[in-house]
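Please read the following account alongside the sequence and the coordinates, turning from one to the other as each region is introduced.

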Amino acid sequence: MRLAAFVVCVMALVIGERSLSIFSLHADTLSQARGRVMDLVQQGVSRYSQEIAAAGAVLSTLAAADTSPGNPTPEQCERLHAVLGSAPGIETLTLVGTDGAVVCATAPGAVGLDLSGREYFRIAMRGVANLSTVRQSYVTQTPAIYMAAPALEDDGEVRSVVIARVGIAELFPESFASDLDLRSQALLIDPSGVVIRAAPDNGAMMGRDLNHSAVVIQTLSQTRGTLIAEGVDSVLRLYGYSRLPLSNMHLIVGLDMAAVTREVERATWRAATTLLVATVIMLIGLWLVGETLIVAPVMALSRRLTRFGEGKREGGDDGRVVITELAPLAAAFEAMAEELTRREDALRGANRRLSSLASLDPLTGIANRRSFDAVFAVQWSTARNLALLMVDIDDFKPYNDHFGHVEGDRCLYRIAQALTAAARGTDVVARIGGEEFAILMPGATLEAAVELAERLRAAADELGIEHAPTVDGTVTISIGCAACAPAPGLHGRDLMMAADRALYAAKQAGRNRVCAAEAVQPGGGRAGAMSATEGRDPAGG
């Protein structure tokens with residue numbers, strides 16, 4: 001019985017060690033695969049950003065040139081053809097008059113087309129350069145993105161609009177999927193969940209609506225992340241996804257889980273085979289040599305390991321039996337302990353790195369302060385014009401004190417979702433404090449910021465969240481607006497301080513108001529006059 005109990009204990013220890021090793025290998029493999037899939041996603045996002053930036057630079061150059069649509073000259077049209085080759089991602093360039101008619105284009109047959117109904121043209125006519133959602137090209141009948149930039153007169157009036165068509169195939173060429181195996185997948189989806197680009201491209205995925213698949217549902221609800229799920233082809237994959245900057249499209253890359261875990265499966269089979277062989281050999285050996293030659297040395301080894309764990313390197317047992325016959329087993333136990341410690345430290349380090357990458361507010365699901373600050377710094381250094389809205393929930397403390405923190409958290413979530421739904425696709429909505437939010441509007445003017453602020457305030461009113469008894473009516477928000485063109489002498493904090501002062505003015509004016517700073521001064525100076533609008537009583541219209 002003692003011999004049987006010893007065999008069972010030894011096998012339990014070996015199985016436990018092998019299982020722990022395999023679990024650790026699985027965790028390490030999965031962590032590395034998550035890093036690899038997100039690296040592939042980032043490569044696609046980086047290429048997209050580079051192509052869009054190059055196309056934007058071409059449009060800025062053309063918009064700054066003399067491109068009056070009244071009587072286009074051959075030189076102007078030749079300029080479009082000459083510039084077309086400077087950005088490989090641009091398929092066509094078009095010059096459009098203020099009436100929406102195409103007056104000059106690199107695409108054959110485009111002259112005379114009416115683009116006045118296009119959203120990107122209407123936005124450009126307000127003096128704002130913009131990037132459209134994915135549209136079907138009239139010419140190629142393939143998905144494309146349209147970029148529009150206004151050419152302005154000296155007095156600020158729009159005299160024409162320069163439009164570039166950027167093909168999706170140029171943004172994500174076939175070479176992007178060269179690192180993927182046959183069962184892996186890369187998808188580009190539009191806001192409705194329809195596939196507009198797939199790799200490998202077998203024709204079966206293009207145009208397919210994946211809105212109800214688990215992968216697309218999570219992708220459209222978050223900005224960036226990973227998950228393990230079955231694709232529509234029933235292949236289990238590790239997916240990484242990210243929303244494309246300044247766009248409503250999402251890039252998804254999936255790695256075949258069978259390929260990811262292949263090494264773990266091999267290790268599992270090796271461990272199982274090793275354990276089986278070791279068990280058979282051990283039983284045969286025990287049957288042959290008997291209890292005397294096995295148990296006694298093992299007991300001596302146990303006492304030796306106990307003394308070793310207590311810091312005693314020497315003991316009263318006959319060391320010759322242990323050293324000559326069981327020294328390899330002792331060395332194996334010591335190596336196992338060192339390996340387990342190393343893997344535990346590596347796993348903890350990986351978890352710390354993953355935690356440091358968190359960029360979303362866990363309560364509301366929108367960007368947090370750290371993510372907002374990072375985006376703000378990038379936009380300040382790249383955008384031609386930048387608007388900022390500071391939003392604060394009116395009298396939130398009485399609401400929280402009366403209804404409790406659970407309802408207070410629900411109120412914050414509903415307000416955050418209403419702000420996100422009302423904002424533009426290119427805007428960044430973030431929670432930067434307890435009940436304070438910020439909306440960053442790249443390329444927007446102060447007028448556009450005030451217009452959006454009014455929509456946000458109305459959206460909060462429409463929620464109809466009942467306020468605490470000590471506060472009349474429903475939960476409302478106050479908004480401060482500021483906008484400027486980043487220039488030498490101005491800093492991002494100047495824009496934030498101007499918007500913050502406008503928010504304070506809205507609060508002082510009675511809450512449920514939108515207040516705009518007329519100017520942004522360098523060095524944190526006063527933002528000048530404030531203009532305010534207040535919410536109207538629904539009963540009064």
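## From a side-chain contact to a sheet and a helix pair

The side chains of R457 and N512 are joined by a polar contact of 3.4 Å, in what is a predicted model. R457 belongs to helix α12, which covers residues 446–463, and because its relative accessible area is 8%, under the 20% limit, R457 counts as buried.

A second residue to consider is T420, which is placed in helix α11. With a relative accessible area of 36%, T420 is partly exposed, since that value falls between the limits of 20% for buried and 50% for exposed. The side chain of T420 reaches the backbone oxygen of A416 at 2.9 Å. When neighbours within four places in sequence are left aside, T420 is in contact with I366 and V429. Of these two residues, I366 is 54 residues away from T420 in sequence, while the C-alpha atoms of T420 and I366 are 8.1 Å apart in space.

Helix α11, which spans residues 405–422, also packs against helix α10, residues 396–403, and here the axes lie 6 Å apart and form an angle of about 135°. An angle of this value falls outside the ranges for roughly parallel, roughly perpendicular and roughly antiparallel, the last of which begins over 145 degrees, and α10 and α11 are therefore oblique to each other. On the α10 side the contact is made by F396, Y399, N400 and F403, which meet H405, E407, G408, C411 and L412 of α11. Sorted by character, the residues of this contact comprise 5 nonpolar, 3 polar and 1 charged.

Elsewhere in the chain there is an open sheet of 5 strands, whose order is β8-β7-β11-β10-β9 and whose pairing is antiparallel. Its edges are formed by β8 (195–199) and β9 (224–230), each of which pairs on one side only, and from one strand to the next the twist averages 20°. The edge strand β9 pairs with β10, residues 236–243, in the antiparallel sense over 7 bridges, and E230 stands opposite L236 of β10.

Which strands does helix α5 lie across? Helix α5, made up of residues 214–221, lies across β7 (185–189), β9, β10 and β11 (250–256), and runs at about 170° to β9. Because angles over 145 degrees count as roughly antiparallel, the direction of α5 is roughly antiparallel to that of β9.

Definitions and conventions
Residues are numbered from 1 along each chain as its sequence is written. This is a predicted model: local features need pLDDT of at least 70, side-chain atom pairs count only at pLDDT 80 or more; totals for chains, interfaces and linings use all residues. Side-chain values use heavy atoms; hydrogens and water are left out. Two strands pair if DSSP finds at least two bridges between them. Helices (H or I, at least four residues) and strands (E, at least two) are DSSP runs, numbered from the N terminus. Axes are lines fitted to C-alpha atoms, for helices over the stretch in contact, and angles run from 0 to 180 degrees between N-to-C directions. Contact means heavy atoms within 4.5 Å. Angles under 35 degrees count as roughly parallel, over 145 as roughly antiparallel, 65 to 115 as roughly perpendicular and the rest as oblique. Ala, Val, Leu, Ile, Met, Phe, Trp, Tyr, Cys and Pro count as nonpolar, Asp, Glu, Lys and Arg as charged, and the others, Gly among them, as polar. Buried means under 20% relative accessible area, exposed over 50%, partly exposed in between (1.4 Å probe, protein chains only). A polar contact is a pair of N or O atoms within 3.5 Å; within protein, one must be able to donate a hydrogen and the other to accept it, and residues adjacent in sequence count only if both atoms are side-chain atoms.
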